[in-house]
Amino acid sequence: MESQQKRQRSTRLAGRNLKRKLSRETVAASIVMQITEVEDKEADLVVSIRRHVEVLNSSFSDATDSDREAVKGAAAAISSLAKIDENVEMMVENGVIPALVRYLESPAINSNVPKSCDHKLEKDCAVSLGLIAAIQPGYQQVIVDAGAIVPTVKLLKRRGICLGCMEANAVIRRAADIITNIAHDNPRIKTNIRVEGGIPPLVELLNFPDVKVQRAAAGALRTVSFRNDENKNQIVELNALPTLVLMLQSEDPSMHGEAIGAIGNLVHSSPDIKKEVIRAGALQPVIGLLSSTCLETQREAALLIGQFASPDSDCKVHIAQRGAITPLIKMLQSSDEQVMEMSAFALGRLAQDTHNQAGIGQRGGIISLLNLLDVHTGSVQHNAAFALYGLADNEENLADFIKAGGIQRLQDDNFTVQPTRDCVVRTLKRLENKIHGPVLNQLLYLMRNTEKNIQTRIALALAHLCDPKDGKLIFIDNNGVEFLLELLYLSGMKQQKYSSRALFELARKATSFAPEDSAPSSPTQRVFLGEEFVNNPTLSDVTFLIDGKKFYAHKICLVASSDIFRAMFDGLYKERNAQNVEIPNISWEVFELMMRFVYTGRISITKHLAQDLLVAADQYLIEGLKRLCEYTIAQDICVDNIPMMYDLADTFNASALRRACTLFVLEHYTKLSSEIWFPMFIKKIIPEIRSYITDILTRPVQASSTVV
């Protein structure tokens with residue numbers, strides 16, 4: 001029985017293994033089958049393409065109806081295959097292009113059919129060539145090398161044959177499409193098209209009765225004119241501008257889209273053509289197209305407005321008067337980044353005029369442009385920054401700029417390219433230069449009388465922009481410092497960061513304007529005995545005992561350096577008449593350094609002794625030495641030790657060290673904020689921040705300070 005159960009388990013296990021093996025083999029077989037099917041399909045496609053090419057390449061000495069139908073069928077089949085991008089490479093490799101070019105000139109295969117009515121073969125060939133040229137630039141040159149330009153130009157000139165025939169019109173339209181696709185981003189081919197006479201028939205086709213042909217001709221002119229001055233000049237000389245301007249007013253989006261694209265390419269880097277376009281009446285139709293439902297048309301219209309408003313142009317005001325500003329600002333909120341980019345570009349150009357600056361600001365342009373700074377595309381950011389730079393030149397925009405939080409947005413530094421950062425720096429400097437007189441008075445009025453969030457934004461902005469001499473007026477007399485301090489403990493992290501940065505900048509500017517003097521010794525010590533008398537028994541009248549060692553000193557020097565020594569030797573203390581005075585709790589090394597300072601007024605303090613020397617200097621009220629110790633200790637302040645450093649400053653009333661700690665906190669607020677102890681710490685030191693800012697803003701300023 002037991003052996004039977006073992007055999008059953010073994011049988012089941014073997015069965016499961018067999019199933020897994022069969023399953024893996026099935027999957028592998030399926031993959032092989034799929035690969036084989038793909039290879040078979042590709043092989044079949046190659047065979048099919050070669051068969052069609054062979055038919056097209058056949059020479060018929062006595063063409064029959066079946067021969068003609070075979071050629072047409074082959075061209076139609078290739079046209080269908082060319083609509084699938086994956087097929088094109090295989091088609092080119094198997095000689096499709098020369099075979100198609102051969103039939104652009106309608107050879108004798110069509111001799112028994114009235115030529116004026118049978119255009120399907122030419123159309124299918126033109127469609128295929130246009131599709132192939134659009135796939136990759138290398139195919140453009142292959143088509144040209146096969147001799148396609150001359151027959152294509154001849155097709156463009158067929159406008160007098162079969163007027164009203166849809167097939168004939170389709171051939172002309174497809175010929176224009178070939179021009180568009182073979183010339184795209186290929187300067188040499190654009191030149192070849194002009195040399196072979198392709199531009200005049202395209203200009204004539206702008207007035208063709210069929211609107212599809214008009215659109216295709218405009219598209220071809222748009223392509224051949226891009227960055228080709230000779231082509232541009234010929235198009236203008238052939239009087240294409242009036243017709244293109246009329247096409248701007250078409251209700252067909254594809255029609256006015258191609259027209260505005262063609263005009264934009266003609267105008268690009270061509271001041272003279274730009275003037276002719278404006279004289280031809282393009283300005284108002286282009287402004288109208290800013291409200292088009294077609295995003296591409298909006299882009300082109302905004303770009304063209306920006307070109308019309310170039311620095312050397314005098315029509316910036318006319319553009320604004322004709323209603324361009326409102327739709328351009330609306331376009332800043334588009335879902336299409338290129339629309340946002342081009343509208344910001346146009347507004348940046350328009351903002352170089354004082355009247356336009358105010359108009360853009362009053363219509364809400366500032367907020368919309370600031371929002372574009374959050375778009376992580378370099379060109380969008382840069383165009384928005386440049387437009388804001390223009391708006392910042394107008395004092396009427398300053399309050400709106402600041403109320404919108406513009407200063408904080410500019411300082412966030414989320415910019416992807418250096419030129420944008422440079423532009424923002426210039427904008428902030430331009431704003432800073434205007435914070436005085438009526439502008440400052442307006443901001444102070446708002447800081448007293450508007451809602452809280454606006455008051456806070458004004459305080460944040462003025463901390464960075466105000467003249468240091470106005471600091472007391474803004475932040476003490478008008479309570480600005482309290483708005484900043486409140487943000488440190490009653491707001492989110494981002495607002496706290498803004499506040500700490502503003503307070504740091506305010507302190508930095510104020511101290512540079514009215515620098516804090518180094519604290520002197522108390523009482524003021526004007527004469528030092530000198531290095532040679534340090535621990536010198538000559539004329540010594542008191543001896544200190546430190547760690548069992550004797551240190552010889554001179555009471556006259558000690559009394560002049562410290563109130564503690566004055567009381568010790570000139571008062572009622574027991575040390576007054578003592579010859580030996582024991583000094584507890586101070587090491588010999590620290591005491592010697594302290595005495596060296598008393599005798600010379602200067603010493604070099606090492607970091608490992610600085611804290612002990614600070615304790616000694618505080619104990620004996622040697623303020624000059626204490627200040628030197630504070631400065632030395634402050635060099636070691638870091639994120640990890642800032643609480644300890646602040647406690648040290650608090651314990652020994654080390655004001656310079658305490659303020660160094662305060663400045664460090666404000667400067668490195670973002671790093672410190674991630675520490676778990678920081679929220680309690682910042683609440684603890686806010687009174688010190690308030691005291692420090694108040695002190696430096698109310699400190700008397702020297703009458704004149706010359707900066708060399």
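This is a short tour of a predicted model, stop by stop.

**Whole chain**

Start with everything shown. The chain has 708 residues, and 50% of them count as buried. Color by secondary structure: 40 helices and three strands should appear. Now turn to the contacts between residues at least 6 apart in sequence. Of these, 70% join residues at least 24 apart.

**Annotated repeats**

Select residues 197–232, 239–281, 323–365 and 364–406. An unreviewed UniProt entry places the feature "repeat: ARM" at these spans. Keep 197–232 and hide the others. How much of residues 197–232 is helix, and how much is strand? The span is 72% helix and 0% strand. Put a distance label on its end C-alpha atoms; they lie 14 Å apart.

**A helix pair**

Next, select helix α30, residues 480–490, and helix α40, residues 678–698. Two packed helices are described by the angle between their axes and the distance between the axes. Here the angle is about 165 degrees, and the axes are 10 Å apart. Angles over 145 degrees count as roughly antiparallel. α30 and α40 are therefore roughly antiparallel to each other. The crossing of α30 past α40 is right-handed.

Show side chains at the contact. On α30, pick V481, E482, L485, L488 and Y489. On α40, pick I682, K683, I686, I689, R690 and I693. What kinds of residue make up this contact of α30 with α40? Eight are nonpolar, three are charged, and none is polar.

**Two loop residues with positive phi**

Most residues other than glycine have a negative phi. The next two stops have a positive one.

Go to L539. Its loop runs between α31 (493–513) and β1 (542–546). Phi of L539 is near 60 degrees, a positive value in a residue that is not glycine. Is L539 buried or exposed? L539 is exposed: its relative accessible area is 69%, and the cut-off for exposed is over 50%.

Move on to N585. Find it in the loop between β3 (580–582) and α34 (588–600). N585 is not a glycine either, yet its phi is positive, at about 65 degrees. Switch on the surface here. N585 is exposed, with a relative accessible area of 80%.

**Last view**

Finish by showing the α30 and α40 pair again, with the roughly antiparallel axes in view. Then add L539 and N585 in their loops.

Key
Residues numbered from 1 in each chain as written. Heavy atoms only, no water. Axes fitted to C-alpha atoms, helices over the stretch in contact; angles between N-to-C directions. Helix = DSSP H or I, 4+ residues; strand = E, 2+ residues; numbered from the N terminus. Parallel < 35°, antiparallel > 145°, perpendicular 65-115°, else oblique. Left-handed = near helix turned anticlockwise from the far one by under 90°. Contact = heavy atoms within 4.5 Å. Nonpolar A, V, L, I, M, F, W, Y, C, P; charged D, E, K, R; others polar. UniProt positions renumbered as here; feature names shortened; annotations may be inferred. Buried < 20%, exposed > 50% of the residue type's maximum accessible area, 1.4 Å probe, protein only.
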